Amino acid sequence: TFFFGRNHFDSGFGLQSFQFRLIENLLGVKNVNRIQCMGMNYKNVFTEKEKDKLEQSEKAPTLFQLVDHWLSCTPGLETHGFNFWYKFDKAVNAYLNSVRDQAMKQVNPVAKEASLKRYKKETDTFESILRPDRHEELMRTDNRRLSHRAMQGALMISYYRDKPQFSIRYQILTLLMDIETRLGHWRHNHSLIAHRMIGSKAGSSDSRGHRYLISTMSQRYGVFSDLVNLATFYIPSNFMPPLTCNFAISN
C-alpha cells in the first residue's frame, strides 16, 4: 500500500520534505553539516518559491543562537558577583582529588589501576569544559556547539534547578532537550518505516532512501546535543557551594 501510494505524497516526506527542512533551519541545523544527496544541495529538489523561503530561513536568527545568547546572560556568571565558574572549577578539583585519593587507598592492584584510569578519564573530561582552549577546539571540530559562556550558564541552571530563581530556566532547558530527543526519535522511526516499506530502493528524488535517513541521525544534525550531554559534567552535590543569600535575594 505504501509503495503504490508514495507518488501521491509529493513533497510530504523524505529528502523532499520542505516543512522539515524549514524546521531544521529555524532550529539551527548547520547548512555545512548537511549530508549531500546525489552530490547536490538539499534545496535543489524544491520549487523556486520554496527555495526562497529556505534561503530566508537560513539567514534568520535560529532558536539555537537565541538560546546561546540567553544562556550566556545567566545571572551568577559575573566574576564580580556569585562567580559560578570560579566556584565550579574549585568544586571539580575537590571532587577529582577525592576520586584520586580513593583510588590510591585501593589495596587490590587491579582495582587500584582501574580506579586510577577512571580518575584520569574524568580529569580529561572535565578539562574539556574547564579549559577554554579545549572547548574551542571541540567547537571547531563540531563536537560541541554552545559557546563556552553558554555552557557555563547551562551548567549553573542545571546544578541549581531546585532553586526558585532557576526552576523555570531549567524547565526551558528540559523542553529544548525534549526537542533534540524527539527529533532523534522521529528520524529513527522514519528510517525504520522507509526500510520496512521500500527496502534498499531509492527514496524520494532518487536519494539513497533508508541509508540517507540513517546518515541524518548523526551528531552533525544535532542542535541541542550539548544540553543533553550536560550530565557528563555533573559532580556530587555535596561538592557544590550553596547559593549565597545576596544572590538569592537580588536575582
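This is a short walk through one predicted model, from its helix packing and core to its salt bridges and a few backbone angles.

I'll start with the pair formed by α5 and α6. Helix α5 covers residues 84–104 and helix α6 covers residues 109–130. Their axes come within 8 Å of each other and cross at roughly 170°. The cut-off for roughly antiparallel is over 145 degrees, and α5 and α6 are therefore roughly antiparallel to each other.

Which residues make that contact? On the α5 side they are Trp85, Phe88, Asp89, Val92, Tyr95, Leu96, Val99, Arg100, Ala103 and Met104. On the α6 side they are Lys112, Ser115, Leu116, Arg118, Tyr119, Glu122, Thr123, Phe126, Ile129 and Leu130. By class, the residues of this contact are 13 nonpolar, two polar and five charged. If you look at the numbering along either helix, keep the general geometry in mind: an α-helix has 3.6 residues a turn, so residues three or four places apart point the same way.

Next, the core. The largest nonpolar core holds 44 residues. Within it, the residues with the most contacts are Leu71, Phe84, Phe88, Phe126, Leu155, Tyr160 and Leu227. The elements that give two or more residues to this core are α2, α4 (63–72), α5, α6, α8 (148–159) and α9 (164–198). Which element gives the most? That is α5, with eight residues. Two of the names just listed also appear in the helix pair: Phe88 on the α5 side and Phe126 on the α6 side.

Phenylalanine 84 deserves its own list. Leaving out residues up to four places away in sequence, Phe84 touches Gly76, Leu77, Gln152, Leu155, Met156, Tyr159, Tyr160 and Met240. Just before it in sequence is asparagine 83, which sits in the loop between α4 and α5. Asparagine 83 has a phi near 55°, a positive value in a residue other than glycine. Is asparagine 83 buried or exposed? Its relative accessible area is 17%, so it is buried.

There is another such residue, aspartate 142. Its phi is near 60°, again positive in a residue other than glycine. Aspartate 142 is placed in the loop between α7 and α8. With a relative accessible area of 28%, aspartate 142 is partly exposed.

Now helix α2, residues 18–27. Its buried residues include Phe18, Phe20, Arg21, Glu24, Asn25 and Leu27. Just after α2, glycine 28 takes a positive phi of about 130°. What touches this end of the helix? One residue is threonine 62, found in the loop between α3 (48–59) and α4. Not counting residues up to four places away in sequence, threonine 62 touches Asn25, Leu26, Leu27 and Gly28. Threonine 62 has 10% relative accessibility, so it counts as buried.

That leaves the salt bridges. The count comes to 13. I'll show two places.

In the first, arginine 34 pairs with glutamate 24, with the closest N and O atoms 2.6 Å apart. Arginine 34 is in the loop between α2 and α3, glutamate 24 is in helix α2, and the two are 10 residues apart. The cut-off for buried is under 20% relative accessible area. Arginine 34 is at 8% relative accessibility, so it counts as buried. Glutamate 24 is at 2%, so it counts as buried too.

In the second, aspartate 124 pairs with arginine 134, and here the closest N and O atoms are 3.4 Å apart. This pair links helix α6, which holds aspartate 124, to helix α7 (residues 132–140), which holds arginine 134; they are 10 residues apart. Aspartate 124 has a relative accessible area of 41% and is partly exposed. Arginine 134, at 23% relative accessibility, also counts as partly exposed.

Arginine 134 has a further partner: its side chain meets that of glutamate 127 in a salt bridge, at 3.5 Å from N to O. Glutamate 127 is at 30% relative accessibility, so it counts as partly exposed. Which residues belong to the network here? Salt bridges that share partners join Asp124, Glu127, Arg131, Asp133 and Arg134 into one.

To recap: α5 and α6 are roughly antiparallel, α5 gives the most residues to the largest nonpolar core, and the Arg34–Glu24 salt bridge has a buried arginine and a buried glutamate.

Key
Residues are numbered from 1 along each chain as its sequence is written. This is a predicted model: local features need pLDDT of at least 70, side-chain atom pairs count only at pLDDT 80 or more; totals for chains, interfaces and linings use all residues. Side-chain values use heavy atoms; hydrogens and water are left out. Buried means under 20% relative accessible area, exposed over 50%, partly exposed in between (1.4 Å probe, protein chains only). Helices (H or I, at least four residues) and strands (E, at least two) are DSSP runs, numbered from the N terminus. Axes are lines fitted to C-alpha atoms, for helices over the stretch in contact, and angles run from 0 to 180 degrees between N-to-C directions. Angles under 35 degrees count as roughly parallel, over 145 as roughly antiparallel, 65 to 115 as roughly perpendicular and the rest as oblique. Contact means heavy atoms within 4.5 Å. Ala, Val, Leu, Ile, Met, Phe, Trp, Tyr, Cys and Pro count as nonpolar, Asp, Glu, Lys and Arg as charged, and the others, Gly among them, as polar. A nonpolar core is a set of buried Ala, Val, Leu, Ile, Met, Phe, Trp, Tyr and Cys residues joined through side-chain atoms within 4.5 Å. A salt bridge is a side-chain nitrogen of Lys or Arg within 4 Å of a carboxyl oxygen of Asp or Glu.
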